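Work through the two exercises below. Keep the structure in view as you go.

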Amino acid sequence: MNNKILFLDDDPLALYSFGEVLKNAGYEVRCVESPELFSSQIDDFLPNLIILDISLGNTDGRRICNELKLTLATQNIPIVMLTALSHEEISEMECEADAIIGKSHDSANLLLTVSGLLKI
């Protein structure tokens, strides 16, 4: 069975490009563009890993992450946060994510992070 990744980002280009990279690496990926649709997708899709963008328009992905980590049903799902913030800004975050990586076009780092978390 393929590992399932639920990916939330309000940037359609990022969803498509990272989604394709993950699919080509053998993961089953469901992409969601809207924070409002996200929670119902967790129950429907039952992901093994979640990828969240930090900046989601009016919503902060860190808040979603922390809520997931406090919820019994989702607290053990690894979460990767994507961000375009600088390293200094990232280090100032209060977030329970399992990994925080830069939103660059270097998909190798994303794949390495995802595969490492799914082997835990």
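**Exercise 1. Find which element gives the most residues to the lining of the largest pocket, then describe that pocket.**

Solution.

Step 1. Start with the contributors. The helix α2 leads, giving five residues to the lining of the largest pocket. The model is a predicted one.

Step 2. List the elements that supply two or more lining residues. These are α2 (35-45) and α3 (61-70).

Step 3. Look at the whole lining. It is made of 13 residues. Nearest the centre of the pocket lie Ser39, Ile42, Leu68, Thr71 and Thr74.

Step 4. Sort the lining by class. Eight residues are nonpolar, three are polar and two are charged.

Step 5. Give the volume. The largest pocket holds about 240 Å³ of space.

**Exercise 2. Decide why strand β3 (residues 49-53) is largely enclosed by the rest of the structure.**

Solution.

Step 1. Recall the cut-off. A residue is buried if its relative accessible area is under 20%.

Step 2. Check one side of β3. Leu49, Ile51 and Asp53 are buried there.

Step 3. Check the other side. Ile50 and Leu52 are buried too, so both faces are covered.

Step 4. Find the neighbouring strands. Strand β1 (residues 4-8) runs parallel to β3, joined by four bridges. Here isoleucine 5 stands opposite leucine 49. Strand β6 (residues 79-83) also pairs with β3 in the parallel sense, over four bridges. There isoleucine 51 of β3 faces valine 80 of β6.

Step 5. Conclude. Five of the five residues of β3 are buried, so the strand is largely enclosed by the rest of the structure.

Notes:
Residues numbered from 1 in each chain as written. Predicted model: local features only at pLDDT ≥ 70, side-chain atom pairs only at ≥ 80, totals over all residues. Heavy atoms only, no water. Buried < 20%, exposed > 50% of the residue type's maximum accessible area, 1.4 Å probe, protein only. Pairing = 2+ DSSP bridges. 1 Å grid on protein atoms, 1.4 Å probe; cavity = no way out; pocket = protein on both sides within 12 Å on 5 of 7 lines; lining within 4 Å. Points joined across faces, edges and corners; volume = space filled by probe spheres on them. Nonpolar A, V, L, I, M, F, W, Y, C, P; charged D, E, K, R; others polar.
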